[in-house]
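Work through the exercises below with the sequence and the structure in view. Try each task before reading its solution.

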Amino acid sequence: MGKLDGKVALITGAARGQGRSHAERLAEEGADIIGVDICEQIDTVTYPMATSEDLEETVRLVEQRGRRMVAQAVDVRNAPALKSAVAAGVAQLGRLDIVLANAGIMFQGLSPGRDDEAFRDAVEVMLVGVWNTIQAALPTLERQGEGGSIVITSSVNGLKGMVAGTNGGNFGYAAAKHGVVGLMRMYANYLAPQSIRVNTIHPTGVDTPMLAGFAESMATANPALAGGLGNPLPVQLIESRDVSNAIAWLVSDEARYVTGVTLPVDAGACVK
Ligand SMILES: NC(=O)c1ccc[n+]([C@@H]2O[C@H](COP(=O)([O-])OP(=O)(O)OC[C@H]3O[C@@H](n4cnc5c(N)ncnc54)[C@H](O)[C@@H]3O)[C@@H](O)[C@H]2O)c1
């Protein structure tokens, strides 16, 4: 018996990295998954983003665990498309209980002159996109009247400024990741009477395709600042599974009175 038997979870950015790991972990606890991902490149992002094949692979991994997954290529910036995708997922899987607003982008190696564009992309994907995700899911959670759990993936950069990385995209990243804490606190108050819990999670560097080359490029660009990327606990990058394990607890009934919390999974990065 799993902690999430009979539940359905919506996960954005589900094609790979942490989103895929959350889909696998929640499926292991008995949840079915509605997964969306843009499956396309965003112009200001210099590393390759996920593909449709990546999203199909997540479906395979969820099914391998005996659960169902409805997967759709959707951009979280597109509110009407996201609403349709959630409705289609709920129609197929029957309900919705858990929302993981996880989709995100990073901006290492941004070309000169693109700061404004990258700042806007960061805020549109990681702040407006989170608003769109919650707005798409809420009518179902409220209609069911059985509570629910929403977790927004922020970052240590949602609790403190970056020690390295000064392009406009990185400013937008930190602004969006701090901004979702405000969204979370508003929703946590607003939704508490309906037993819908809302929390943010704040990972330190995670070993996913987003971060490939980031630490190295910082070390080359500014060795003094890059030293500040280290965590107090002896680990340079944590695994996606470390974040998924915290989320599997946070969305379960074991955390039924935990709401409005900013939960670091950061190997101590925020205390130094
Ligand atoms: N990797 C890290 O070090 C780290 C640290 C702290 C927080 N985070 C956050 O964790 C989350 C997951 O990132 P990850 O590390 O798994 O990186 P990743 O690049 O492997 O995964 C992010 C996923 O989001 C998808 N995505 C991006 N923009 C989208 C959009 N507009 N609509 C729909 N999908 C979109 C991508 O295609 C990709 O599949 C992000 O919000 C990121 O900011 C990452």
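The exercises go from the whole chain to the ligand and then to single residues; the model is predicted.

**Exercise 1. The chain as a whole**

Task: Find how many helices and strands the chain has, and decide whether its radius of gyration agrees with that of a compact globule or departs from it.

Solution.
- Step 1: Count the elements. The chain has eight helices and seven strands.
- Step 2: Take the expected value. For 272 residues, a compact globule would have a radius of gyration near 19 Å.
- Step 3: Compare. The chain has 18 Å, so the value agrees with that of a compact globule.
- Step 4: Add the extents. The C-alpha trace spans about 50 × 35 × 35 Å along its principal axes.

**Exercise 2. Burial, contacts and surface**

Task: State what share of the residues is buried, and what share of the contacts with a separation of 6 or more joins residues 24 or more positions apart.

Solution.
- Step 1: Of the 272 residues in the chain, 54% are buried.
- Step 2: Among contacts with a separation of 6 or more, 78% are between residues 24 or more positions apart.
- Step 3: Turn to the surface. The chain has an accessible surface of about 11,500 Å², and carbon and sulfur atoms hold 54% of that surface.

**Exercise 3. The ligand and its shell**

Task: Describe the residues that surround the ligand, and find which polar atoms of Asn 102, Tyr 173 and Thr 208 lie by its oxygen atoms.

Solution.
- Step 1: Count the shell. The ligand is surrounded by 29 residues, and the closest are Asp 37, Asn 102, Tyr 173, Val 206 and Thr 208.
- Step 2: Start with the backbone. A polar backbone atom of Asn 102 is 2.7 Å from an oxygen atom of the ligand.
- Step 3: Go on to the side chains. Tyr 173 has a polar side-chain atom 2.8 Å from a ligand oxygen atom, and Thr 208 has a polar side-chain atom 2.6 Å from a ligand oxygen atom.
- Step 4: Check the cover. On its own the ligand has 830 Å² of accessible area, and the protein covers 98% of it.
- Step 5: Look for the elements. Those that give two or more residues to the shell are α1 (17-28) and α5 (168-191).
- Step 6: Sort the shell by class. There are 14 nonpolar, 11 polar and four charged residues.

**Exercise 4. Two charged residues, Arg 25 and Glu 29**

Task: Decide whether Arg 25 and Glu 29 are buried or exposed, and list what each one touches beyond its neighbours in sequence.

Solution.
- Step 1: Place Arg 25. Arg 25 is in helix α1.
- Step 2: Apply the cut-off. Buried means under 20% relative accessible area. Arg 25 is at 11%, so it counts as buried.
- Step 3: List the partners. Not counting neighbours within four places in sequence, Arg 25 is in contact with Arg 241, Ser 244, Asn 245 and Ala 248. With one of these, Asn 245, there is a side-chain to side-chain polar contact of 2.7 Å.
- Step 4: Place Glu 29. Glu 29 is in the loop between α1 and β2 (32-37).
- Step 5: Use the cut-off again. Glu 29 has a relative accessible area of 12%, so it is buried.
- Step 6: List its contacts. Leaving out residues up to four places away in sequence, Glu 29 touches Gly 2, Lys 3, Leu 4 and Asp 5.

**Exercise 5. Positive phi at Ser 195 and Ala 267**

Task: Give the phi values of Ser 195 and Ala 267, then state how far each residue is open to solvent.

Solution.
- Step 1: Ser 195 has phi near 60°, a positive value in a residue other than glycine. Ala 267 also has a positive value, near 50°.
- Step 2: Locate them. Ser 195 is in the loop between α5 and β6 (196-203), while Ala 267 is in the segment after β7 (262-265).
- Step 3: Classify them. Ser 195 has 51% relative accessibility and counts as exposed. Ala 267 has 12% and is buried.

**Exercise 6. Met 162**

Task: Locate Met 162, classify its exposure and name its contacts.

Solution.
- Step 1: Met 162 is in the loop between β5 (148-153) and α5.
- Step 2: With a relative accessible area of 21%, Met 162 is partly exposed.
- Step 3: Beyond four places in sequence, Met 162 is in contact with Met 106, Asn 157, Asn 170 and Tyr 173.

Methods:
Residues numbered from 1 in each chain as written. Predicted model: local features only at pLDDT ≥ 70, side-chain atom pairs only at ≥ 80, totals over all residues. Heavy atoms only, no water. Near = heavy atom within 4 Å. Polar contact = N/O pair within 3.5 Å; in protein donor to acceptor, adjacent residues only side chain to side chain. Areas by Shrake-Rupley, 256 points an atom, 1.4 Å probe, with all protein chains shown as cover. Helix = DSSP H or I, 4+ residues; strand = E, 2+ residues; numbered from the N terminus. Nonpolar A, V, L, I, M, F, W, Y, C, P; charged D, E, K, R; others polar. Rg over C-alpha atoms; globule rule 2.2 N^0.38 Å. Buried < 20%, exposed > 50% of the residue type's maximum accessible area, 1.4 Å probe, protein only. Contact = heavy atoms within 4.5 Å.
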